[in-house]
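Please look over the sequence and the model before reading on. The paragraphs below go from the classification of a single residue to the chain as a whole, and then to its helices and charged pairs.

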Amino acid sequence: MADPDLALEFKVNPAELDGCGQSAQHIGGLIPGETSKITDPCSQAASGLQGFLTAAAITNCGTNWKTLLDKLGGDMGDVGTKLAASAAYYRQVEKDVHTSMRNPAAPIPDEPDPFGTTVVPGPVKPASAKAAE
C-alpha cells in the first residue's frame with residue numbers, strides 16, 4: 001500500500017507571509033478611521049424618525065456595526081502581526097539551518113520541541129571494547 005504522506009507537500013514562502021501580514025496590518029489600521037463615518041448618518045436618520053421605534057433601532061444598528069468593524073480591524077492587525085512574526089521565524093530557521101550545515105559545530109537553536117522528541121542514544125560499546133581502547 002502506498003504511503004499517503006508521500007503526496008503531501010507543504011511549502012512556506014516567508015515573503016508572501018510577510019506581504020499578507022503587512023497588508024492585514026495596514027487594512028486593519030484603516031478600519032477605525034472609516035467606521036467613525038457610520039454613526040453620524042445613523043444618528044441623522046434617527047433624528048428624522050423621532051417618535052418612531054425605528055429611530056432607536058437605526059442608532060443601535062450603526063453603533064453595533066461600528067463596534068464589530070472596529071473589532072475586525074483590531075483582529076486584522078493582530079493576525080497581520082502574527083503573520084509577519086511567522087515570516088521572520090521561518091527566515092531565522094532557514095538561516096540557522098544554513099549556518100549549521102556550513103559549520104556542523106555551530107550550536108543548535110534553543111527552541112522548544114513541539115513534538116517532545118527524545119534523543120535516542122547511539123550504539124553502546126560493550127565494556128570489553130572500551131577496555132581494548
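A residue is called buried when its relative accessible area is under 20%, exposed when that area is over 50%, and partly exposed in between. In this predicted model, Tyr90 has a relative accessible area of 31%, and because that value falls between the two limits, Tyr90 is partly exposed. Tyr90 lies in helix α2, which covers residues 53-102, and together with Phe10, Val12 and Tyr89 it forms a nonpolar patch on the surface, where the four residues have about 420 Å² of accessible area together. A patch of this kind admits residues with over 30% relative accessible area and no salt bridge, and Tyr90, at 31%, satisfies the area requirement.

From this patch one can step back to the chain. The chain has three helices and zero strands, and its elements, read along the sequence, follow the pattern α-α-α. Of its 133 residues, 12% count as buried, while the chain exposes about 10800 Å², of which carbon and sulfur atoms supply 63%. Among the contacts between residues at least 6 apart in sequence, 74% join residues that are at least 24 apart.

Helix α1 deserves a separate look. This helix runs over residues 14-47 and has 34 residues, and it reaches 51 Å from its first C-alpha to its last, close to the 50 Å expected at 1.5 Å a residue. Along that course, α1 bends by about 30° at Pro32. The buried residues of α1 are Pro14, Asp18, Gly21, Ala24, Gly28, Ile31, Thr35, Cys42 and Ala46, and what covers them includes α2.

The charged pairs come next. How many salt bridges does the structure hold? The structure holds four, and three of these can be followed here, beginning with the pair in α1, where the side chains of Glu34 and Lys37 meet with a distance of 3.1 Å from N to O. Both residues lie in helix α1, three residues apart, which is about one turn of the helix. Glu34, at 47% relative accessibility, counts as partly exposed because it stays between the limits for buried and exposed, whereas Lys37 is exposed, since its relative accessible area of 53% is over 50%.

In helix α2, Lys66 forms a salt bridge with Asp70, and the closest N and O atoms are 2.6 Å apart. Because these two residues are four apart in α2, Lys66 and Asp70 are separated by about one helical turn. Lys66 has a relative accessible area of 23% and is therefore partly exposed, and Asp70, at 24% relative accessibility, likewise counts as partly exposed.

Also in α2, Lys71 forms a salt bridge with Asp75, with 2.9 Å between the closest N and O atoms. Lys71 and Asp75 are again four residues apart in helix α2, about one turn of the helix. In this pair, Lys71 is exposed, because its relative accessible area of 51% is over 50%, while Asp75, with a relative accessible area of 34%, is partly exposed.

Conventions. Residues numbered from 1 in each chain as written. Predicted model: local features only at pLDDT ≥ 70, side-chain atom pairs only at ≥ 80, totals over all residues. Heavy atoms only, no water. Patch = residues over 30% accessible without salt bridge, like charges linked within 9 Å, V, L, I, M, F, W, Y side chains within 5 Å. Areas by Shrake-Rupley, 256 points an atom, 1.4 Å probe, with all protein chains shown as cover. Buried < 20%, exposed > 50% of the residue type's maximum accessible area, 1.4 Å probe, protein only. Expected span 1.5 Å × (residues − 1). Bend = angle between axes of the 7 residues up to and from the residue. Contact = heavy atoms within 4.5 Å.
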